[in-house]
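Please look over the sequence and the three-dimensional structure shown here before reading the report.

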Amino acid sequence: MLLYVTLGLLVHFVFFASIFDIYFTSPLVHGMTPQFTPLPPPAKRLMLFVADGLRADKLYELDEDGNSRAPFVRNIIMNEGSWGISHTRVPTESRPGHVAMIAGFYEDVSAVAKGWKENPVEFDSLLNETRYTWSWGSPDILAMFAKGDLRSHIFTESYEASSEDFGAHDVTKLDTWVFDHVKVRAIEWLRCNTLDAGIDTNGHAHRPSSREYSDNIKLVDKELKEIESTVKDFYGNDGKTAFIFTADHGMTDWGSHGAGHPLETCTPFIAWGAGIRLPQKVSAQKFDDSYLQEWKLENWKRQDINQADVAPLMAALIGVPFPLNSVGIIPVDMLNTSDLFKAESMFTNAVQILEQFKVKMTQKKEATLSFLFTPFKSLSDTKQANILRKARYYIKQKKYDEAVSLCRQLIHLALRGLAYYHTYDRFFLAFNVVLGFVGWTSYASLLIIKSHCNLMRGVSTEAKNPSRLLPCAFVAVGVSVTFFLLIQACPWTYYVYCLLPLPIWYAVLREIPVIQGFVTLLSTFPPRRFLGYLLLFILGVEVLVLSFFYRYMLTAGLVALAAWPFITALWTRAKSISLSWIFFCLLLAVFPLMPVVGRKPDIFLVVGAGLLVLLLSLFVVTSVIKRKDSFINEELVLHLLQMLSVVFSMCVVYGTHHSLLKKQGLPLLNQIVSWTILASSFVMPLLSPPVLFDRLFSILVSSMSTYLLLSTGYEALFPLVLSCLMFVWIHMEQETLQHSVVSCKQKVSTIQFACNTDAAQCRDLCLDDIRRAFFLVFFLVTAFFGTGNIASVNSFDPSSVYCFLTVFSPFKMGALIMWKILIPFVLVMCAFEAVQVTTQLSSKSLFLMVINISDIMALHFFFLIKDHGSWLDIGTSISHYVIVMSMTIFMVFLNCLAQMLTTRKLSLCGRPKSHVI
């Protein structure tokens with residue numbers, strides 16, 4: 001079993017990693033020649049202001065009194081410069097946002113995972129090309145652009161990381177710090193300056209709709225005005241300074257970001273000063289949204305751009321080479337320059353992107369056999385030369401609009417070609433991964449059939465042993481594939497994806513007699529009954545798949561599960577348990593209908609959930625006191641300690657909430673108590689007796705004490721309702737088994753968890769066991785999506801970790817939120833450990849069935865992955881696949897955790913306890 005689990009984990013790790021090689025490879029290439037506009041630039045210096053986490057609507061809209069929150073910025077829009085919306089891409093985080101603005105390309109998600117503060121991949125940026133750059137802002141951002149500065153021309157100053165405190169009295173101090181340091185060092189400015197303001201922290205702490213967020217915008221607007229005045233005075237109003245004000249990403253109404261919601265991807269963009277066109281009044285504008293009317297800006301021309309377009313715009317304004325890896329397109333309509341300068345800038349932009357296309361094509365051509373290489377036909381060498389020659393001719397003939405249009409066409413073709421060569425091997429890799437998936441699922445199914453169906457009876461020894469030609473054939477295929485990959489100089493990961501299906505399919509084809517016997521067995525099965533079971537299984541899997549897109553499908557599934565007693569004999573044999581099952585199924589079905597995100601904190605619901613846990617604990621304590629065994633004192637003390645832990649959690653949640661409302665920060669005592677409760681929650685269950693009900697209830701109370709600290713609203717009730725349903729499920733399965741062909745004499749109240757279950761106690765599988773495996777997967781998905789959509793980064797409220805820490809720490813906060821997600825998962829796994837013990841189910845066969853169901857879902861999501869359309873759709877499709885694969889891998893580790901929590905025993909008084917089976 002251990003060997004199979006190890007191999008299964010290895011295979012699934014490969015399947016999991018394949019998504020990053022297929023969809024998340026770095027798009028960067030090297031070896032291009034720098035390109036710059038061969039004309040005098042309109043600006044000598046440039047200032048880039050980046051308001052971290054600033055939403056476009058919050059900056060542009062008028063307040064309830066009809067006044068602008070940013071009067072200085074609004075004056076620029078109406079009298080001095082150009083404005084619009086800068087559209088960002090997923091992931092909407094600070095690092096990729098700054099890379100897009102300053103380097104001109106959209107950094108892939110895998111690069112973000114490789115490093116938070118430093119460059120995981122080498123790339124060129126606008127700052128590398130400037131004479132001097134001064135930067136002020138976040139330590140997480142500035143360091144990555146200053147790294148590798150060989151010319152010592154990039155100077156950075158950043159505030160302490162501990163200053164990013166969501167619970168601080170005055171979160172605007174980050175912005176004040178930035179602007180104060182700019183004013184002090186203003187005399188040193190020469191070429192390019194970047195400022196990173198910290199509205200993001202205020203948004204996380206108080207929400208974008210709060211007064212604090214609005215006041216922060218007013219502060220930034222006021223400081224922006226002072227900085228502009230200082231710069232102009234210092235340079236004698238020479239008119240050679242360009243200003244750009246934008247944001248790296250937006251923010252949802254509930255104070256988070258990372259996904260592709262329009263509130264996260266729409267950021268403000270305002271440019272003014274040297275080389276920037278003055279405002280243009282228009283009578284009508286064509287946009288799909290209603291922003292212009294809401295902002296009362298319908299008469300001032302709005303010019304939207306992509307975030308990567310900021311880099312080539314800045315390069316053109318100050319006359320430096322375009323960043324080598326930039327894929328941005330200059331918004332020439334924003335330039336207040338000669339038509340010749342616009343045309344030359346666009347021509348330079350086209351050549352710079354075309355250089356990347358040529359390098360990418362050359363690399364792929366050299367790494368592919370000549371007879372297999374398929375070039376990008378829309379942009380042949382001849383067409384490239386013709387377009388460039390024609391564009392240059394238009395410029396000489398002063399047909400600047402035609403030249404700009406032709407260059408824009410060339411850029412779009414080059415970008416399509418870049419995408420074509422970047423995804424050149426995608427089908428080849430995807431085919432091999434799907435081949436491995438199907439093979440693994442087939443092999444796991446054969447193992448289940450072989451172990452529990454006597455299909456080999458009557459089969460001759462010769463038929464049981466595979467032909468010697470089979471291994472020889474697979475070895476020959478493996479050698480051929482290896483040689484094919486070797487001559488193409490493919491990465492080592494390609495060898496893994498292409499060679500892994502071979503041993504898997506060899507193992508499948510070795511079981512030909514089992515396959516033949518199973519087909520024979522199916523032929524004796526009533527066709528209608530077989531089709532009915534098959535359709536029911538397919539319907540169940542489709543409900544699980546659809547629940548990733550529509551959470552209300554979980555509600556439909558739970559309502560269907562509530563009808564389970566009626567289609568079996570359970571309703572007549574165990575009416576009280578059946579009623580409990582129906583009640584808790586319907587109660588749990590309410591949670592997927594609740595809002596996923598955007599919840600306002602409701603501490604009274606959290607405290608109410610804690611009171612319900614205390615009420616249940618009182619019933620348990622009462623039952624313990626009624627017992628006459630000798631261990632009553634130890635068990636009673638444990639229950640009282642756990643109840644005290646829940647009380648402390650309620651007090652900490654209530655106290656922390658009111659302390660943050662008063663802007664007094666996170667009290668140190670509350671923080672210490674929170675971390676202590678979290679640590680004790682792993683130990684407390686191990687002190688309880690190994691009796692099934694007692695141990696599960698101890699795990700529930702310990703988990704709830706931690707979950708309350710991580711809750712902000714109705715979700716605090718979810719683990720409690722889920723656990724009640726799990727307790728009823730255990731009784732339901734016991735009732736089902738007692739009236740089946742399998743004898744079961746023990747009552748649930750007397751069954752104990754055992755460290756080592758006797759293999760003789762396990763029985764063969766039946767159709768009910770497939771249902772139990774499906775129930776497990778369904779409850780796991782419900783545990784994941786019951787109160788949040790983990791397919792979306794922005795679906796979790798960062799305020800849920802404020803009882804533990806308020807200073808920005810992405811890894812600690814991420815770990816705490818991940819544990820909050822996993823607590824319901826652990827409760828389900830512990831309950832299923834009990835089901836496995838009570839029904840004497842084979843753990844190996846169960847594992848295989850659950851893996852098969854998960855793999856069928858994963859294969860489904862693999863085909864649904866998108867690389868086109870909106871970035872919200874692309875990100876969601878990829879995250880669905882990652883979630884299912886992670887669920888399969890995590891299931892193994894959480895199963896080990898569940899076994900430890902249910903079977904291990906520590907003694908509170910130092911006395912050893914025996915495990916009675």
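What follows is a report on the overall make-up of the chain and on selected side-chain arrangements.

## Overall make-up

The structure is a predicted model, and the values given below should be read with that in mind. The protein chain has 35 helices and 8 strands, and buried residues make up 57% of its 917 residues. Of the contacts in the protein chain with a separation of 6 or more, 79% are accounted for by residues that stand 24 or more positions apart.

Helix α7, which spans residues 139-146, has 6 of its 8 residues buried, so this helix is largely enclosed by the rest of the structure. The buried residues of α7 are P139, D140, I141, L142, M144 and F145.

## Salt bridges

Side chains of opposite charge can pair when their charged atoms come close. The count for this model comes to 19 salt bridges, of which a few are described here.

One of them joins K232 to E228, with the closest N and O atoms 3.1 Å apart. Because K232 and E228 are 4 residues apart in helix α10, they are separated by about one helical turn. The two partners can be described by their accessibility as well: K232 is partly exposed, with a relative accessible area of 30%, whereas E228, at 7% relative accessibility, counts as buried.

A salt bridge is also formed by R771 and E733, whose closest N and O atoms are 2.9 Å apart. This pair links distant parts of the chain, since R771 belongs to helix α32 (residues 767-785) and E733 to helix α31 (residues 718-738), with their positions 38 residues apart in sequence. Both R771 and E733 are buried, and salt bridges that share partners join E733, D768, D769, R771 and R772 into one network.

## Arginines in other settings

R302 takes part in two of the arrangements considered in this report. The side chains of R302 and D304 meet in a salt bridge, at 2.8 Å from N to O, and the charged end of R302 sits over the ring of F287, 3.8 Å from the centre of that ring. R302 is buried, with a relative accessible area of 4%, while D304, at 26% relative accessibility, counts as partly exposed. Another arginine placed over a ring is R45, which lies over the face of Y235 at 3.5 Å from the ring centre.

What does the side chain of R551 contact, given that R551 is buried yet has no salt bridge? The nearest side chain of opposite charge, that of E715, is 10 Å away from R551, but a polar atom of the R551 side chain lies 2.9 Å from the backbone oxygen of F785. The place of R551 in the chain is the loop between α23 (527-549) and α24 (552-562).

## Aromatic pairs and a cluster

A search of the whole structure finds 48 aromatic pairs. One of these is the edge-to-face pair of F357 and F376, with 6.2 Å from centre to centre and 70° between the planes. F357 lies in helix α14 (residues 339-366) and F376 in the loop between α14 and α15 (381-396), so the pair ties together parts that are 19 residues apart in sequence. F357 is buried, with a relative accessible area of 0%, and F376 is buried as well, with a relative accessible area of 10%.

Elsewhere, one aromatic cluster is formed by W564, W581, W729, F774, F775, F778, F779 and F832.

## Individual backbone and packing features

Two residues other than glycine have a positive phi and are described here. For N237 phi is near 50°, and this residue is found in the loop between α10 (211-234) and β6 (241-246). N237 is exposed, with a relative accessible area of 53%. For K663 the value is about 60°, and the residue lies in the loop between α28 (632-661) and α29 (668-680).

Is N432, placed in helix α17 (residues 426-452), buried or exposed? At 8% relative accessibility N432 counts as buried, and, when residues up to four places away in sequence are not counted, N432 touches Y497, C498 and P501.

Definitions and conventions: Residues are numbered from 1 along each chain as its sequence is written. This is a predicted model: local features need pLDDT of at least 70, side-chain atom pairs count only at pLDDT 80 or more; totals for chains, interfaces and linings use all residues. Side-chain values use heavy atoms; hydrogens and water are left out. Helices (H or I, at least four residues) and strands (E, at least two) are DSSP runs, numbered from the N terminus. Buried means under 20% relative accessible area, exposed over 50%, partly exposed in between (1.4 Å probe, protein chains only). Lys and Arg count as positive and Asp and Glu as negative; His and the chain ends are not counted. A salt bridge is a side-chain nitrogen of Lys or Arg within 4 Å of a carboxyl oxygen of Asp or Glu. A polar contact is a pair of N or O atoms within 3.5 Å; within protein, one must be able to donate a hydrogen and the other to accept it, and residues adjacent in sequence count only if both atoms are side-chain atoms. Rings of Phe, Tyr and Trp (its six-membered ring) pair if their centres lie within 6.5 Å; planes under 30 degrees apart count as stacked, over 60 as edge-to-face and the rest as tilted. A charge sits over a ring if NZ of Lys or CZ of Arg is within 6 Å of the ring centre and within 35 degrees of the ring normal. Contact means heavy atoms within 4.5 Å.
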